[in-house]
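Biologist: I'm new to this one, so could you pick a single part and walk me through it closely? Take your time and keep it informal.

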Amino acid sequence: MKQQTKNHCAPLEGLKVLDFSTLLPGPYATMLLADLGAEVLRIESPTRPDLLRGFPPLVDDTASLSAAHATINRNKRSLAIDLKNPKAQVVIHRLLQQYDIVIEQFRPGVMDRLGLGHQSLSQQRADIIYCSITGYGQTGPLKQRAGHDINYLALSGLASYSGNRDHGPCLSGTQIADIAGGSHHAVMSILAAVYHRQRTGEGSYIDISMTDCSFALNAISGANALALNTDPKLESELLNGGSYYDYYRTADNRYLSVGSLEPQFAEQFFTKIGRKEWLTRIVQDGQQETLKKDIAEIIATKSQKEWIDIFQDIDACIEPVLNFTEAADSDLIQSREMICSVNGDIKQINTPFRFNGQKPPLFNRGAALGEHNHTVLGELGFSAEEIEEFCEVQGVTH
């Protein structure tokens, strides 16, 4: 793998991360760190490969490399090692001489049983930053319970008022608890721990519960609920369908987003749809449901393209709902360089980070399983014979 050179667009250069996680929350977090210049080494099982590797479509059949894996694990190296093998302890402890940030995503107690828990590793280096990402946290009644994004959102309260009255809670197009909850909060916590270590020399143990983080995302509605001792409900809040802030179907079965909440935007919106007199209805109690129905009837009279043309040159917070291809090809996404090519021909969603007008460099798609075994073990001082023996035992041929 091409190594990153000093570049002001790689602000995390020098951070070295051991990533024991799989699927989405941990790998997405380390993707963000790698995008920003951190050196990330994935520790992968040779017998139980990350399920994301085989998630169709594949971009490399020979390497069992999916498009999702190639993106979410870009700029990382892969060391395939059976953590239950006694020799694994030797390798990990040598790695800890160089890597001082650990991310893992097992259920509580698994890493401890492998001799790789925080307490064990912190005895080797007291300044280690150790981040555990789980569904329900390291403590509490559900700490050993299995879960997925949908479950964390359900138990956080968010799902209870996300959807509509007719059909109930709805699924999001992306994994909110996994990414906004697990990945983003892990990165924020790790960077806070790095700053703390720079000031004090002390390491940190970080306990990320995706349910905790999802609960924190209740933000405005949750704050109101605590103040009023009442629950937010489906289509009852300002931003969840309880006002005319919503999506509306157009004549060609597409959708238009209407976010014209502020008075100046509302005036533009109702003027352009030919119903300026409806402005008074937005503040009248009990009018929101009928107002939304009346707006829906108007929006349904024209195609999405016709509405785009009508609102093109005014600020009214009205935008078309684009499919992914339309978004990727749009002037906005193209001008912001949000699509890139890695390894010459693999298209990916680019990193959103931009420093001093430039994006951090992206060098390589996600690695094949154990692709860097020989290189990493060589860097750790193992002999060629030891490396061959180790790889043979692990069943890795790279």
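Modeller: Let's start with Phe-269, which is buried because its relative accessibility is 0%, under the 20% cut-off. Bear in mind that this is a predicted model. Phe-269 has a ring partner, Phe-311: the ring centres are 6.1 Å apart and the planes meet at 25°, so the pair counts as stacked, the cut-off being under 30 degrees. Phe-311 is buried too, with a relative accessible area of 6%. The two come from distant parts of the chain, 42 residues apart, with Phe-269 in helix H10 (residues 263-272) and Phe-311 in helix H12 (residues 304-311).

Now widen the view a little. Phe-269 and Phe-311 belong to one aromatic cluster, together with Tyr-244, Phe-270 and Trp-307. Across the whole structure, a search turns up 7 aromatic pairs. Trp-307 from the cluster also has a charged neighbour: Lys-302 lies over its face, 6.0 Å from the ring centre. If you'd like another charge over a ring, look at Arg-94, whose charged end sits over the ring of Phe-382 at 4.0 Å from the centre.

So, back to where we began: Phe-269 is buried, it stacks with Phe-311, and the pair links helix H10 with helix H12. To follow this on screen, find Phe-269 in helix H10 and then Phe-311 in helix H12, and add Tyr-244, Phe-270 and Trp-307 to complete the cluster.

Notes. Residues are numbered from 1 along each chain as its sequence is written. This is a predicted model: local features need pLDDT of at least 70, side-chain atom pairs count only at pLDDT 80 or more; totals for chains, interfaces and linings use all residues. Side-chain values use heavy atoms; hydrogens and water are left out. Rings of Phe, Tyr and Trp (its six-membered ring) pair if their centres lie within 6.5 Å; planes under 30 degrees apart count as stacked, over 60 as edge-to-face and the rest as tilted. Helices (H or I, at least four residues) and strands (E, at least two) are DSSP runs, numbered from the N terminus. Buried means under 20% relative accessible area, exposed over 50%, partly exposed in between (1.4 Å probe, protein chains only). A charge sits over a ring if NZ of Lys or CZ of Arg is within 6 Å of the ring centre and within 35 degrees of the ring normal.
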